[in-house]
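Me: Could you take a close look at the part of this model where the ligand sits? I'd like the contacts around the ligand, and then the sheets and helices of the fold.

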Amino acid sequence: MNEQHREGESLIFGRRTTTPTPAPAARLVGLGSYLPPQKVSNADLALRLDTTDEWIRTRIGIAQRHIADPATATSDLAVEAGLRAMKSAQVEHVDAVILATATPDHHVPGTAPLVAHLLGLRHVPAFDLGAGCSGFVYATTVAAGLIQARTASTVLVIGAEKMSAVIDPDDRSTAPIFGDGAGAVVLTAGHADEPGTLGPAAWGSDGEHADAIYIPDGGSRRPPCATDDLKNRYVHMEGNEVFRHAVRRIAHVTQESAAAAGWSIQDIDKLIVHQANARISAAVANTLGIPPQRVPSNITHVGNTSAASIPLLLSHSAIDKQLEARQRVLVTSFGAGFTWAATTLLWPSGLQALN
Ligand code: UT7
């Protein structure tokens, strides 16, 4: 246990039992991301699928995606992103690890304890969080709650996905969309008025649409069996239905989050939208009246990386200098479940994102 952790403990126990102080707020102090090296272009996909580069570019906005090799699991991607976020934050220890993923290494156990172990974070609490493409914003919301309650003073939140493991390579309605990757942040206890501090979260779900994006077989509803149609082990998606709900829900949760922070929509300097489809982001911006130059995007190069999408976009936008100190940033997402979540922050100065 290093000095930093001892400081964390005295913060938790000392303050709680003696001097009452305002509840801490979760502050962003580290940011990192990782993409596996192999790129698959639209032209590569068109060699085996009935599709074209033009269709994928115009209907989804994607030119390529990164795909992990067969020996790489979600935990491997998560560790790479976690290492970069901790280096960015200049910390060697955290009090908890939350891994947002829809593609854990195994059904049992959760993947986060292995990730914590591989990061050398001996015995810290670590758990997976499954909320589809909203998973990362759900996870930062939970982490912020842990920090506010003084249960933890520093939390590593990772979004990591090996989507290629659950996408049917022969399904042209899903294979062009998804990619693999990971991103991570370190959140630490700060004051509510400091730049980098997360604002209140707006979040929700609607299980009525649980089968709009789902994997039919392999869970407790339909356990794996020798006679299974293997296609049912892959993601099935009602693309049009998801598209319609995504635009409506993202626009609405964005408004809720801005209102909770006391911002108008015009106050938003940068809208970080889950990278599901470039047309979804454009429709959300159009609905809200936000100019396209305030809506950064990396979907062209990375595709839809589910729970990894938001931290990857934060990291790439920070490195590209699209996120600048004290800009008002609103982060917003939608995914399987359905789930949705959004939060706000003033971009901190001096944050070095690492890819
Ligand atoms: O991350 C959160 C979860 N995911 C999402 O948010 C994804 C939301 N949905 C979407 O992004 C879009 O609905 C898709 C990209 C999945 C599909 O795009 P679309 O514009 O909604 O296409 P569509 O399903 O309405 O299909 C239009 C046409 C159809 O042909 P016909 O019936 O008009 O002759 C499809 O068969 O495009 C055809 N099509 C394709 N053609 C070439 C569907 N996929 C392809 C393809 N290449 N890959």
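Reply: Let's start with a polar contact: a nitrogen atom of the ligand is 2.6 Å from an N or O atom in the Thr51 side chain. Keep in mind that this is a predicted model. Two arginines join in, both through oxygen atoms of the ligand. Arg59 has a polar side-chain atom 2.8 Å from a ligand oxygen, and for Arg172 the distance from a side-chain N or O atom to a ligand oxygen is 2.8 Å. As for burial, the protein covers 72% of the 950 Å² of accessible area that the ligand has on its own.

Now the shell itself. The elements giving two or more residues to it are helix 3 (53-59), helix 7 (239-261) and helix 8 (278-288). Helix 7 supplies the largest share, four residues. There are 22 residues around the ligand, and those that come nearest are Thr51, Asn240, Asn277, Arg279 and Asn304. Sorted by class, the shell has 11 nonpolar, seven polar and four charged residues.

On to the sheets. One is an open sheet of five strands in the order 1-7-6-4-5, with mixed pairing. Strand 1 (25-34) and strand 5 (126-129) are its edges, each pairing on one side only. From one strand to the next, the twist averages 20 degrees. Strand 4 (residues 96-100) runs parallel to strand 5, with four bridges joining them; Leu99 has Asp128 of strand 5 as its bridge partner. Helix 4 (residues 74-89) packs on this sheet, touching strands 1, 4, 6 and 7, and its direction makes about 125 degrees with that of strand 1. Helix 6 (residues 135-148) packs on the sheet too, touching strands 1, 4, 5, 6 and 7, at about 170 degrees to the direction of strand 6.

Helix 6 also takes us to the other sheet: it lies across strand 8, strand 12 (328-335) and strand 13, running at about 60 degrees to strand 13. That open sheet has four strands in the order 8-13-12-11, again with mixed pairing. Strand 8 (202-205) and strand 11 (270-273) each have a single partner strand, so one side of each is left without a neighbour in the sheet. Neighbouring strands here are turned by 15 degrees against each other on average, direction ignored. Strand 8 pairs with strand 13 (residues 339-346) in the antiparallel sense over four bridges, and Ala202 stands opposite Ala342 in strand 13.

Methods. Residues are numbered from 1 along each chain as its sequence is written. This is a predicted model: local features need pLDDT of at least 70, side-chain atom pairs count only at pLDDT 80 or more; totals for chains, interfaces and linings use all residues. Side-chain values use heavy atoms; hydrogens and water are left out. Two strands pair if DSSP finds at least two bridges between them. Axes are lines fitted to C-alpha atoms, for helices over the stretch in contact, and angles run from 0 to 180 degrees between N-to-C directions. Contact means heavy atoms within 4.5 Å. A residue is near a molecule or strand if one of its heavy atoms lies within 4 Å of it. A polar contact is a pair of N or O atoms within 3.5 Å; within protein, one must be able to donate a hydrogen and the other to accept it, and residues adjacent in sequence count only if both atoms are side-chain atoms. Accessible areas come from the Shrake-Rupley method with a 1.4 Å probe; for residues, only the protein chains shown count as cover. Ala, Val, Leu, Ile, Met, Phe, Trp, Tyr, Cys and Pro count as nonpolar, Asp, Glu, Lys and Arg as charged, and the others, Gly among them, as polar.
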